[in-house]
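Here is a short note for a colleague who is new to this structure. Please read it with the model open.

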Amino acid sequence: MALHLSVVIPVYNEESIIAQAAEELRQGLDARGLDYEIIFAENGSRDSTPALLEELCAKNPRLRWFHSETPNYGVALKAGILKARGAYVVCDEIDLCDLTFYDAALPRLERGEADMVVGSKAAKGASDQRPLVRRAATRVHNKLLRVALGFQGTDTHGLKAFRREALLPVIQKCVVDMDVFASEFVIRAWREGLNVMEIPIQLHEKRQPSIHLFRRVPNVLKNVGKLFYVIRVRGT
């Protein structure tokens, strides 16, 4: 019998917050009476994150984890989604784990109001407490997606919830990795006519990003260029 909810969380060098964040999320989901699993997609960590995950998952059968050797957010997230068994899937971030998003998104999916719900940092009513340079980078990235791919939303990266059955065919078509995988996932769902809904979120991160913002730029530009070619030029 399928689970109700799978939560997929990519993790990379998160020894400082992994145990507390996992416990808080577990307690919150238990308090809501949900039938769930949490999948930690660990990728390329060089600290004690794998050992901590092994210990956490051994203690609680609702927690699972797997290891990828190379640090790659997109590859890890995609693999985690493909391993998910729930009717509904939430893609979360270890430094967020905002249960108010679950409370807002899951009922919309269950009522059939949306196939995917995106937690937007830039939608009207959102609160983004990140440093100015990171808020600006989000807006530049969204502008790039709008110009290159015709994206009409306000955000693609971060919290997402969706109906697994409806979105699995979209996942299979995704071709890029790293951070831009999350963008491709949302854009392809939108382009294929699925009901993609944005809701504003209150963003308060628990720690600084594990990968420096400016180190991401070359990969973002390369992958957006690849997406432009695949979607706009080849039409696939």
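The points below cover the annotated domain, the nonpolar cores, the aromatic pairs and the charged side chains.

1. Status and annotation. This is a predicted model. An unreviewed UniProt entry carries the annotation "domain: Glycosyltransferase 2-like", and that record places the domain at residues 6-167. In the model, the span of residues 6-167 is 43% helix and 23% strand. Its end C-alpha atoms lie 14 Å apart.

2. The largest nonpolar core. Start here. In soluble globular proteins, nonpolar side chains tend to be buried together. The largest nonpolar core of this model has 36 residues. L5, L29, F40, F101 and Y102 have the most contacts inside it. Which elements each supply at least two residues of this core? On the strand side they are strand 1 (3-11), strand 2 (36-43) and strand 4 (86-91). On the helix side they are helix 1 (18-31), helix 2 (49-59) and helix 4 (99-110). Helix 4 gives the largest share, six residues.

3. Y102 up close. Y102 is one of the residues with the most contacts inside that core. Set aside its neighbours within four places in sequence. Y102 is then in contact with L5, V7, L25, L29, V90, D92 and P107. Two of these names, L5 and L29, also appear among the residues with the most contacts inside the core.

4. A second core. There is another nonpolar core, separate from the one above, with 35 residues. Among its members are A148, L167, I171 and V224.

5. Aromatic pairs. The count comes to three aromatic pairs. One of them joins F162 and F185. Their ring centres are 5.1 Å apart and their planes meet at 85°, so this pair is edge-to-face. The angle is over 60 degrees, the cut-off for that class. The pair links distant parts of the chain. F162 sits in strand 7 (residues 160-163), F185 in helix 7 (residues 180-191), and 23 residues separate them in sequence. F162 has 1% relative accessibility, so it counts as buried. F185, at 0%, counts as buried too.

6. From pair to cluster. F185 has another aromatic partner, F181. The F181 and F185 rings are stacked, at 6.0 Å centre to centre with 10° between the planes. Both residues belong to helix 7 and are four residues apart, about one turn of the helix. F181 is at 1% relative accessibility and therefore counts as buried. Together, F162, F181 and F185 form one aromatic cluster.

7. Charges over rings. Look at two places. R62 lies over the face of Y36, at 4.6 Å from the ring centre. K83 lies over the face of F66, at 5.0 Å from the ring centre.

8. Salt bridges within helices. The whole structure has 13 salt bridges. One of them joins K59 and E55, with N to O at 3.3 Å. These two are four residues apart in helix 2, so about one helical turn separates them. Are they buried or exposed? K59 counts as exposed, at 64% relative accessibility. E55 counts as partly exposed, at 43%. Now turn to helix 7. There R188 forms a salt bridge with E184, the closest N and O atoms being 2.7 Å apart. R188 and E184 are likewise four residues apart, about one turn of the helix. Both R188 and E184 are buried.

9. A salt bridge across the chain. The side chains of R163 and D115 meet in a salt bridge, 2.7 Å from N to O. Where do the partners lie? R163 is in strand 7, while D115 is in the loop between helix 4 and strand 5 (116-120). The pair therefore ties together parts that are 48 residues apart in sequence. R163 counts as partly exposed, at 27% relative accessibility. D115 has a relative accessible area of 13% and is buried, because the cut-off for buried is under 20%.

10. A charged network. Finally, check E23, R26 and D30. These residues are linked in a network of salt bridges.

Definitions and conventions:
Residues are numbered from 1 along each chain as its sequence is written. This is a predicted model: local features need pLDDT of at least 70, side-chain atom pairs count only at pLDDT 80 or more; totals for chains, interfaces and linings use all residues. Side-chain values use heavy atoms; hydrogens and water are left out. UniProt positions are given in the numbering used here, feature names are shortened, and annotations may be inferred rather than shown by experiment. Rings of Phe, Tyr and Trp (its six-membered ring) pair if their centres lie within 6.5 Å; planes under 30 degrees apart count as stacked, over 60 as edge-to-face and the rest as tilted. Buried means under 20% relative accessible area, exposed over 50%, partly exposed in between (1.4 Å probe, protein chains only). A charge sits over a ring if NZ of Lys or CZ of Arg is within 6 Å of the ring centre and within 35 degrees of the ring normal. A nonpolar core is a set of buried Ala, Val, Leu, Ile, Met, Phe, Trp, Tyr and Cys residues joined through side-chain atoms within 4.5 Å. Contact means heavy atoms within 4.5 Å. A salt bridge is a side-chain nitrogen of Lys or Arg within 4 Å of a carboxyl oxygen of Asp or Glu.
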